[in-house]
Amino acid sequence: MFSILVVEDDENFRKLMEAILRDEGYLPILAQNAQQALDRFEHHHIDLMITDIMMPGMDGYSLTQELREAG
């Protein structure tokens, strides 16, 4: 099953994305901030990430950059 990490600080939007992805046959993995997203990468195989850009703490651009640098 194709797993998609959704990184979104808005709880309602995160739940909406989860429902839509699940209905389409994907396995949604949720994170409410960049730190949780990094943790999810350590414990799950992630095929695709959808991230919010403007989040408190580390933003989506910084998260993406950190993942690229980690390889």
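**Reading D52 and the sheet beside it**

The backbone nitrogen of M54 lies 3.3 Å from a polar atom of the D52 side chain. Keep in mind that this is a predicted model.

Me: Where does D52 lie?

Reply: Look in the loop between β3 (48–51) and α3 (60–70).

Me: Is D52 buried or exposed, and how far away is the nearest side chain of opposite charge?

Reply: D52 is buried, yet it has no salt bridge. A salt bridge needs a side-chain nitrogen of Lys or Arg within 4 Å of a carboxyl oxygen. Here the nearest side chain of opposite charge, R14, is 8.5 Å away.

Me: Which residues is D52 in contact with, leaving aside its neighbours within four places in sequence?

Reply: You will find V7, E8, D9 and G60. One of these, V7, has a bridge partner in β2, namely A31.

Me: How should I read the strands of a sheet?

Reply: Strands of a sheet pair through backbone hydrogen bonds, either parallel or antiparallel. In this structure, an open sheet of 3 strands follows the order β2-β1-β3, and its pairing is parallel. The edge strands, β2 (27–31) and β3, each pair on one side only. On average, neighbouring strands of this sheet are turned by 20° against each other, direction ignored.

Me: How many bridges join β1 and β2?

Reply: β1 (residues 3–7) pairs with β2 in the parallel sense over 5 bridges.

Me: Which strands does each helix lie across? I mean α1 and α3.

Reply: Helix α1 (residues 11–23) lies across β1, β2 and β3, running at about 165° to β2. Helix α3 lies across β1 and β3, at about 155° to β3.

Note on methods. Residues numbered from 1 in each chain as written. Predicted model: local features only at pLDDT ≥ 70, side-chain atom pairs only at ≥ 80, totals over all residues. Heavy atoms only, no water. Helix = DSSP H or I, 4+ residues; strand = E, 2+ residues; numbered from the N terminus. Buried < 20%, exposed > 50% of the residue type's maximum accessible area, 1.4 Å probe, protein only. Lys, Arg positive; Asp, Glu negative; His and termini not counted. Polar contact = N/O pair within 3.5 Å; in protein donor to acceptor, adjacent residues only side chain to side chain. Contact = heavy atoms within 4.5 Å. Pairing = 2+ DSSP bridges. Axes fitted to C-alpha atoms, helices over the stretch in contact; angles between N-to-C directions.
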